[in-house]
Amino acid sequence: MSEDHKLVIKDAARQLFWRVLSALFGFVIVKIISYYLGPLRYGDYGTIFRYFARRTALVDFWVYTIAMRQLSVLKQQFGEKSKELISKYHKFIGTRVFMITIIYTLAIVVAYLIPAYTENPFIIRGLPLAMFYSASNMFVGIQQLPLQLFWKMKRLSWSLIIARFSQLAVLLPVVYLFFKEVDFSNTEISGVMIVAFCLVVFSVVASALWQNVEIYKRTQDLLPFKVDIDKQFTKNLLQKNRRYGFSYFFSSFHTLIVLMFLGWIFPTAAGFKYVGFRALALSLIEMLLIIPSSLGNSLLNKLPNYSLEGKKKSIGNLLTMVTRIGTLIAINFFTFGREVIRIVSSKEFIGTRESLTSRGSNQILPFLGIVLVLSFVKQVFNYLFVATEKQNVLFNINLIGLIIGVIVGIIVIPKRNLLGGVITQIIIELLFTAGAILVAKKHKLLPTMQKKQSWILFTILLLAGIIGVFLKNYLESQELNFFLFIVIAVLFNGIILLAALKPIKQIAKGLTVEEIIGNPDEQQIVN
């Protein structure tokens with residue numbers, strides 16, 4: 001394996017390690033916030049952030065991934081410090097600023113027209129802060145392009161950890177010092193409660209602000225920063241990729257539709273806790289969605305140089321790897337769901353098996369694990385379509401899937417609340433994933449997988465799932481302390497990892513291919 005190919009794997013592994021470490025800090029933060037706010041106010045907390053999260057895909061419009069591919073080609077054609085590369089980077093920044101301004105301005109106006117939000121004193125005051133966080137987070141995203149382009153993602157890794165510490169610097173004094181006596185379970189809402197809630201929200205904003213500063217400092221030696229709002233460039237880019245941009249929005253938007261319906265039909269202002277239960281489980285899933293992007297974005301530096309068969313081989317190995325990771329996570333959520341929720345929050349979020357109305361975050365988590373696996377698969381196909389300049393082919397599939405999902409949600413969520421939400425989300429994700437596979441098959445773009453290694457990995461996972469069923473039944477009859485749970489979980493996953501180590505190494509080597517065939521037709525860039 002060449003040094004260049006090793007660089008791809010090292011960069012992906014480094015990204016994955018630091019993002020997982022950042023996610024572990026995220027679990028600690030979720031624990032602090034969910035325990036402090038309780039199900040009702042955590043539902044409000046989740047609502048305001050996910051309201052704007054529904055717009056992030058529209059703001060991104062898949063521009064980051066397209067920019068990564070185009071800048072990689074320019075870097076290879078004209079050099080690392082070429083004016084063509086720098087100019088195009090500045091225009092991508094301008095496009096992101098333009099999209100942030102338009103989308104979030106419209107979003108905040110619409111938010112104040114929704115009665116379920118305006119009638120809730122926590123949500124109405126938290127919305128501007130959540131908007132500022134979401135906008136800052138999207139700006140961070142485009143600033144990190146040079147790090148990805150020049151294999152310097154280690155710098156981003158440090159900024160992620162620093163951002164977590166900056167959030168804790170605001171959060172800990174609020175929760176454990178200045179507002180520690182605030183009881184959010186109290187039905188009488190006071191000004192002190194609202195101030196404490198807003199400061200908890202502001203802790204997230206502080207993390208995004210600090211990360212922007214860190215990324216700016218760490219990228220200046222690679223590519224100079226400048227906002228160049230080139231109207232013609234932005235217009236051409238959005239027009240050419242509008243179908244894929246919207247299909248990406250549809251495929252991302254659906255994960256939040258359920259939370260939106262729950263919030264409208266069962267508002268926290270009326271005392272319903274469903275949104276809080278789902279928001280907690282969803283926050284754990286969202287932290288893990290970075291796994292495919294960490295691996296996929298690293299590959300985008302090399303994929304433009306591969307032949308079509310090379311791209312299919314590389315994406316096939318990526319598909320095997322992320323599906324294996326996602327399935328193992330889903331097995332863990334099924335087996336240890338109750339223990340995971342107990343660790344990251346409190347017993348208020350734990351549901352029982354007696355009735356459908358008593359379900360909690362622990363019983364939603366295994367189903368969202370299924371959604372996670374399907375989402376991983378879908379993301380890999382997204383990279384395949386972008387790498388082969390077929391990113392617009394998913395528009396109709398994703399639009400139909402979204403419409404069907406909305407209809408299903410309107411029917412089942414009012415009747416089945418959390419269970420209806422789970423049914424809705426799984427149906428939508430299945431439609432998206434099946435649609436992506438069928439479209440790839442139609443265009444003869446199905447990834448090429450290493451059949452032997454894939455079968456070995458999935459046989460191991462099947463056995464792990466069977467063992468997980470028996471282990472879950474045993475654990476539900478016990479009251480484990482934290483340390484005993486950790487021992488069992490580490491042993492369970494350690495044995496699975498050891499059994500799969502050899503095929504995983506083979507799959508990892510296949511992420512990059514030795515054959516590189518420059519096809520000019522596959523390297524056209526958007527002007």
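Good morning. I begin with K444, which is exposed, with a relative accessible area of 67%. This lysine belongs to the loop that connects helix 15 (395–442) with helix 16 (451–476). Its phi is near 55°, a positive value in a residue other than glycine. Please bear in mind throughout that the model is predicted.

Let me now turn to the chain as a whole. It has 17 helices and 0 strands. Of its 527 residues, 58% are buried. If we take the contacts between residues at least 6 apart in sequence, 86% of them join residues at least 24 apart.

I continue with two individual helices, starting with helix 2, residues 63–78. How far apart should the ends of its 16 residues be? At 1.5 Å a residue the expected span is 22 Å, and the end C-alpha atoms lie 21 Å apart, which agrees. Helix 2 is mostly covered, as 13 of its 16 residues are buried. After helix 2 comes G79, with a positive phi near 110°.

Helix 5 covers residues 121–143, 23 residues in total. From first C-alpha to last it reaches 35 Å, close to the 33 Å expected at 1.5 Å a residue. Which residue caps its N-terminal end? The cap is N120, with a side-chain oxygen 2.9 Å from the backbone nitrogen of F122. Further along, helix 5 bends by about 40° at L127, and the proline P128 follows within four residues.

I come next to the aromatic residues. The structure holds 15 aromatic pairs. In one of them, F49 and Y133 meet edge-to-face, with 5.5 Å from centre to centre and 85° between the planes. This pair links distant parts of the chain, since F49 lies in helix 1 (residues 3–60) and Y133 in helix 5, 84 residues apart. Are these two rings buried or exposed? F49 has a relative accessible area of 12% and is therefore buried, the cut-off being under 20%. Y133, at 22%, is partly exposed.

A second pair consists of F381 and F385, which are tilted, with 6.4 Å between centres and 40° between planes. Both residues belong to helix 14 (residues 361–387), and because they are 4 residues apart there, about one helical turn separates them. F381 counts as buried at 3% relative accessibility, and F385 is buried as well, with a relative accessible area of 0%.

Ring pairs also build a cluster, made up of Y36, F122, F184 and F197. We have already met F122, whose backbone nitrogen lies 2.9 Å from the side-chain oxygen of N120.

Aromatic rings can also be considered together with charges. Where does the charged end of K472 sit? It sits over the ring of F334, 5.1 Å from the ring centre.

My last residue is T101, in helix 3 (residues 83–111). With 44% relative accessibility, T101 counts as partly exposed, because that value falls between the 20% limit for buried and the 50% limit for exposed. T101 and V59 are 42 residues apart in sequence, while their C-alpha atoms are 9.1 Å apart in space.

To close, I return to two points. The chain has helices but 0 strands, and the pair of F49 and Y133 shows a link between distant parts of that chain. Thank you for your attention.

How values were computed:
Residues numbered from 1 in each chain as written. Predicted model: local features only at pLDDT ≥ 70, side-chain atom pairs only at ≥ 80, totals over all residues. Heavy atoms only, no water. Expected span 1.5 Å × (residues − 1). Buried < 20%, exposed > 50% of the residue type's maximum accessible area, 1.4 Å probe, protein only. Bend = angle between axes of the 7 residues up to and from the residue. Polar contact = N/O pair within 3.5 Å; in protein donor to acceptor, adjacent residues only side chain to side chain. Phe/Tyr/Trp six-rings, centres within 6.5 Å; stacked < 30°, edge-to-face > 60°. Lys NZ or Arg CZ within 6 Å of the ring centre and 35° of its normal. Contact = heavy atoms within 4.5 Å.
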